Amino acid sequence: MYYFSTNKRSTRITEKLLQALFPMGTYCVICGSLIDSHRPYSICDNCVKALNGGNIYIDLSEDEPGKMMPHLDSASSCLVYGLHSKKMVFDLKYNKRTYLSRPISMIMYDRIVRDEGLRSLVDSLDLVVPVPLHRSRLKKRGFNQAELISRDLTSRLNALRQGPKILHLPDGLVRQRITTSQRSVSGSERNLNLENAFTINPRRKTLIANSVILLVDDILTTGSTANHCAKALKDAGAGEVHFISLATGNFYLKGCERRRDDESFISRSPSSDHMPE
């Protein structure tokens, strides 16, 4: 599914055009090389090998010096942030290649399934909530990438369990003020930058109260954004808030060795010096 506009007719036209120009399973979604339909995540073998992944989690017990994430119960990721994961996120957010939300959610799903702790968490989950965009940024971009990823991820997680379905709550959190781009401020300033930036949708307060929530975003850096979102949810009565992202560069990441992405990728893909928000 592709999301560009709230106009249903124009969305259907866009979907058909994108599927014709860039069908999933025909080209690698990272480098554009021809692939066959059996490649995982529609990513070629070379790019899969270059992705630096594992059962990555953020050791919150070691986060005491910065106290960046005291409101999260756990924080997990799939990849160490590098050239390849950066390309996926950048193309999704800034080049409007919204079809990338599907392979990203598939990578997250596989991360959850192969981790015993996260797999058991699925059985207790009540809600999946994306990190929100401010309405002005949402209007400009046309979509919230975290919402697209989390919607597809929720569908996949619901297939794992019986009984009540996990509810996708795209409007559970509200970004109530525009903040300075996180990449433009230092780590110590990020908490202040996001102070009172998030609140809950009052119409969703009953659903949020006492719920076990999975918070979803594309990137985790210091954890300030995730922590402030978790605080808003906890202040509204949420029982637990767990976080997952596609990639992270957080200092406290565990479960994967840090290494540089395959530098050969630089010569065959567009580059960007800034880290997506």
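The paragraphs below lead through a predicted model, taking up a strand with its partners, a residue within a helix, the salt bridges and the cysteines.

A useful place to enter the structure is strand 3, which spans residues 127-130 and is covered on both of its faces. L127 and V129 point to one side of this strand, V128 and P130 to the other, and all four of these residues are buried. Strand 3 runs parallel to strand 4 (residues 167-168), to which it is joined by two bridges, and within that pairing V128 has H168 as its bridge partner. Strand 3 also pairs with strand 7 (residues 212-220), again in the parallel sense, and here four bridges link the two. V128 appears in this second pairing as well, since it stands opposite L214 of strand 7; the residue can therefore be followed from strand 3 to H168 and to L214, while its own side of the strand is among those that are covered.

From the strands one can turn to helix 4, which covers residues 101-113 and contains S105. Is S105 buried or exposed? With a relative accessible area of 0%, S105 counts as buried, and its surroundings can be described in two steps. Its side chain reaches the backbone oxygen of R102 at a distance of 2.9 Å, and, once neighbours within four places in sequence are left aside, S105 is in contact with I149, D152, L153 and R156.

The charged side chains offer another route through the model, in which 13 salt bridges are found over the whole structure. One of them is formed by the side chains of K234 and D73, with an N to O distance of 3.1 Å. K234 belongs to helix 10 (residues 224-235), whereas D73 sits in the loop between strand 1 (53-58) and strand 2 (74-80), so this pair ties together parts of the chain that are 161 residues apart in sequence. Both partners are partly exposed, K234 with a relative accessible area of 25% and D73 with 38%.

The salt bridge between K87 and D91, whose closest N and O atoms are 2.5 Å apart, has another setting. Both residues lie in helix 3 (residues 83-93), where they are four residues apart, or about one turn of the helix. K87 is buried, having a relative accessible area of 8%, and D91 is likewise buried, at 2%.

A further salt bridge brings together the side chains of D123 and R119 at 3.7 Å, N to O. Of these partners, D123 is exposed, with a relative accessible area of 52%, while R119 is partly exposed, at 25%. Elsewhere, salt bridges that share partners join D36, R39 and D45 into one network.

The cysteines remain to be considered. How many disulfides does the model contain? The count comes to zero, and C44 helps to show how such a result arises. The cysteine sulfur closest to that of C44 belongs to C47 and lies 3.6 Å away, which is too far for a bond, because a pair of cysteine sulfur atoms must be within 2.5 Å to count as a disulfide. C44 itself is buried, with a relative accessible area of 7%, and C229 is also buried, with a value of 0%.

Definitions and conventions
Residues numbered from 1 in each chain as written. Predicted model: local features only at pLDDT ≥ 70, side-chain atom pairs only at ≥ 80, totals over all residues. Heavy atoms only, no water. Buried < 20%, exposed > 50% of the residue type's maximum accessible area, 1.4 Å probe, protein only. Polar contact = N/O pair within 3.5 Å; in protein donor to acceptor, adjacent residues only side chain to side chain. Contact = heavy atoms within 4.5 Å. Salt bridge = Lys/Arg side-chain N within 4 Å of Asp/Glu carboxyl O. Pairing = 2+ DSSP bridges.
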